[in-house]
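This report describes the pockets, the strand pairing and the helix packing of a single protein chain. The sequence and the structure are shown first.

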Amino acid sequence: MASSGIPRPCSIADTLGVIGEKYSLLVLREVLFGVNRFDSIVRNIGAPRDVLAARLRRLADAGVLEKKLYNERPARYEYHATAVGRELRPVLLMLKEWGDRHLADVPPLVWEHSCGADLDPAIMCRACGEQVRTADLTPRFQVPGWTAQGAS
């Protein structure tokens with residue numbers, strides 16, 4: 001049984017440990033746009049250079065990004081999303097959608113889907129194909145001793 005001093009086991013918390021810092025998500029945004037070089041990334045996200053270097057290193061260590069040497073003297077690298085990093089694109093699209101709806105007077109960017117419409121992202125159930133609504137969800141805790149209220 002879990003004690004009251006142990007935080008809830010949670011994949012969200014684990015994920016935030018990798019990408020949960022502002023500049024980490026902005027690095028990922030830039031790399032997914034195709035911006036791969038340090039100077040361009042730092043210019044586009046406004047991070048201090050030392051902070052950006054640390055975020056790039058952490059994302060590479062976590063397998064979200066990979067470094068590719070593009071110049072030997074001096075050694076310079078590009079950063080590219082791995083398959084693991086590309087799996088985070090829907091997360092960024094949903095964050096963007098929320099920000100557009102609740103924080104932006106005018107969305108600064110609109111993604112156009114291949115059908116020609118502006119993208120309005122939604123979460124779909126792979127099993128039945130229906131859009132997920134909060135009312136349709138029921139948590140099933142997999143870690144013994146934990147409920148919606150916390151440790152039992």
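A pocket, as the word is used here, is an open set of grid points where a 1.4 Å probe fits, with protein on both sides within 12 Å along at least five of seven lines. The volume of a pocket is the space filled by probe spheres set on its points. The model examined here is predicted.

## The second largest pocket

The second largest pocket holds about 320 Å³ of space. Its lining is made up of Ser 11, Ile 12, Thr 15, Leu 16, Ile 19, Gly 20, Leu 25, Leu 88, Val 91, Leu 95 and Leu 137. By class, eight of these residues are nonpolar and three are polar, with no charged residue in the lining.

Two helices, α1 (11–19) and α6, each contribute at least two residues to this lining. The largest share is that of α1, which provides five residues.

## The largest pocket

The largest pocket encloses about 490 Å³ of space. It is lined by 18 residues, and those closest to its centre are Leu 26, Arg 29, Leu 92, Leu 95 and Lys 96. Two or more lining residues come from each of α2 (22–33) and α6 (89–102).

Helix α6 gives the largest share of this lining, with seven residues. The lining as a whole comprises twelve nonpolar residues, one polar residue and five charged residues. Leu 95, listed among the residues closest to the centre of this pocket, also appears in the lining of the second largest pocket.

## Packing of α2 against α6

How are two packed helices described? The description consists of the angle between their axes and the distance between the axes. For α2 and α6, the angle is about 110 degrees and the axes are 11 Å apart. The range for a roughly perpendicular pair is 65 to 115 degrees, and α2 and α6 are therefore roughly perpendicular to each other.

On the α2 side the contact involves Leu 25, Leu 28, Arg 29 and Leu 32, while α6 contributes Arg 89, Leu 92 and Leu 95. Five of the residues in the contact of α2 with α6 are nonpolar, none is polar and two are charged. Arg 29, Leu 92 and Leu 95 take part in this contact, and they are also among the residues closest to the centre of the largest pocket.

## Packing of α2 against α4

Helix α2 also packs against helix α4, which spans residues 49–61; their axes come within 10 Å and cross at roughly 70 degrees. This crossing makes α2 roughly perpendicular to α4.

Tyr 23, Ser 24 and Val 27 of α2 meet Val 51, Leu 52, Arg 55, Leu 56 and Leu 59 of α4 in this contact. The contact of α2 with α4 includes six nonpolar residues, one polar residue and one charged residue.

## The β1–β2 hairpin

Strands β1 (residues 65–71) and β2 (residues 76–81) run antiparallel and are joined by six bridges. Together they form a hairpin, with four residues between the strands. Among the paired positions, Asn 71 has Arg 76 of β2 as its bridge partner, and Glu 66 stands opposite His 80 in β2.

Pro 74 lies in the loop between β1 and β2. The peptide bond that leads from Arg 73 to Pro 74 is cis, with omega near -5 degrees.

## The surroundings of His 80

Which residues are in contact with His 80, leaving aside its neighbours within four places in sequence? They are Val 31, Asn 36, Val 64, Leu 65, Glu 66 and Lys 68. His 80 itself belongs to strand β2.

Lys 68 and His 80 are twelve residues apart along the chain, and their C-alpha atoms are separated by 7.6 Å. Glu 66 is both a contact of His 80 and the residue that stands opposite His 80 in the strand pairing.

Conventions
Residues numbered from 1 in each chain as written. Predicted model: local features only at pLDDT ≥ 70, side-chain atom pairs only at ≥ 80, totals over all residues. Heavy atoms only, no water. 1 Å grid on protein atoms, 1.4 Å probe; cavity = no way out; pocket = protein on both sides within 12 Å on 5 of 7 lines; lining within 4 Å. Nonpolar A, V, L, I, M, F, W, Y, C, P; charged D, E, K, R; others polar. Pairing = 2+ DSSP bridges. Axes fitted to C-alpha atoms, helices over the stretch in contact; angles between N-to-C directions. Parallel < 35°, antiparallel > 145°, perpendicular 65-115°, else oblique. Contact = heavy atoms within 4.5 Å.
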